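Visitor: I would like a close look at one part of this model, the largest pocket, and then at some of what surrounds it in the chain. Please take it step by step.

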Amino acid sequence: MQEAHCIYSQTRLDPNQISLDHYLPWSFVAHDRLWNLIPTLPSVNSAKSNNLPSPAYFDKFVGLQHLGLTVSHQNYPKSQWLKYTESFIAELKVSQGEDLLNLEILTHAYERTVNPLIGLASLQGFSQGWVYNIST
């Protein structure tokens, strides 16, 4: 089993002690769709609050999403996996579920989706460029 690490603190995640972070703040997107959720440490999630993460975290965010999609693809029956990935396919605007397993296609899909939303959220007053500081 591959270990997952918090994209912000680089700490190995313990499945019994995680929090789900909305990469784009819930108060902006107003949904809990899986394509925007990543596991993190509860203290890191609290520190991030409603801030928009620094672009420095983007590749790690997509990489962790890719890991989750790959592991779920390996472990779920195809029909269940396709159901699980419906919001990814529709909202990231990829043509088929298997596109989600290609890191390059997934990265481009996230770029097309997330970058404009970060710009819009910034215009609405959300603080941009949040970086995790261990002392927060």
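Guide: What follows goes from the pocket to one helix and then to three single residues. The model is a predicted one.

The largest pocket has a volume of about 680 Å³. It is lined by 23 residues, and those closest to its centre are Ala4, Pro39, Leu64, Leu67 and Gly68. Two elements, strand 2 (37-40) and helix 3 (58-75), each supply at least two residues of this lining. Helix 3 gives the most, with 7 residues. Sorted by class, the lining of the largest pocket holds 17 nonpolar, 4 polar and 2 charged residues.

Helix 3 also appears in the surroundings of helix 6: the cover over the buried residues of helix 6 includes helix 1 (26-29), helix 3 and helix 5 (86-91). The buried residues in question are Leu106, Thr107, Ala109, Tyr110, Thr113, Val114, Ile118 and Ala121. Helix 6 itself runs over residues 103-123, which makes 21 residues. At 1.5 Å a residue, helix 6 should span 30 Å, and its end C-alpha atoms are 29 Å apart, so the two values agree. Helix 6 does have a kink of about 25°, and this kink is centred on Glu111.

Helix 5, one of the elements covering helix 6, contains Ser87. With a relative accessibility of 17%, Ser87 counts as buried, because the cut-off for that class is under 20%. Setting aside neighbours within four places in sequence, Ser87 is in contact with Arg33, Leu34, Trp35 and Leu92.

Asp21 is placed in strand 1. Its relative accessibility is 1%, so Asp21 counts as buried. Residues up to four places away in sequence left out, Asp21 touches Tyr8, Asn36, Leu37, Ile38, Thr40, Asn45 and Lys48. Strand 2 covers residues 37-40 and helps to line the largest pocket, and the contacts of Asp21 include Leu37, Ile38 and Thr40.

Pro15 lies in the segment before strand 1 (19-22). Pro15 has a relative accessible area of 60% and is therefore exposed, the cut-off being over 50%. Between the C-alpha atoms of Pro15 and Ser87 there are 23 Å, and the two residues are 72 residues apart along the chain. Of that pair, Pro15 is exposed, whereas Ser87 is buried.

Conventions. Residues numbered from 1 in each chain as written. Predicted model: local features only at pLDDT ≥ 70, side-chain atom pairs only at ≥ 80, totals over all residues. Heavy atoms only, no water. Helix = DSSP H or I, 4+ residues; strand = E, 2+ residues; numbered from the N terminus. Buried < 20%, exposed > 50% of the residue type's maximum accessible area, 1.4 Å probe, protein only. 1 Å grid on protein atoms, 1.4 Å probe; cavity = no way out; pocket = protein on both sides within 12 Å on 5 of 7 lines; lining within 4 Å. Points joined across faces, edges and corners; volume = space filled by probe spheres on them. Nonpolar A, V, L, I, M, F, W, Y, C, P; charged D, E, K, R; others polar. Expected span 1.5 Å × (residues − 1). Bend = angle between axes of the 7 residues up to and from the residue. Contact = heavy atoms within 4.5 Å.
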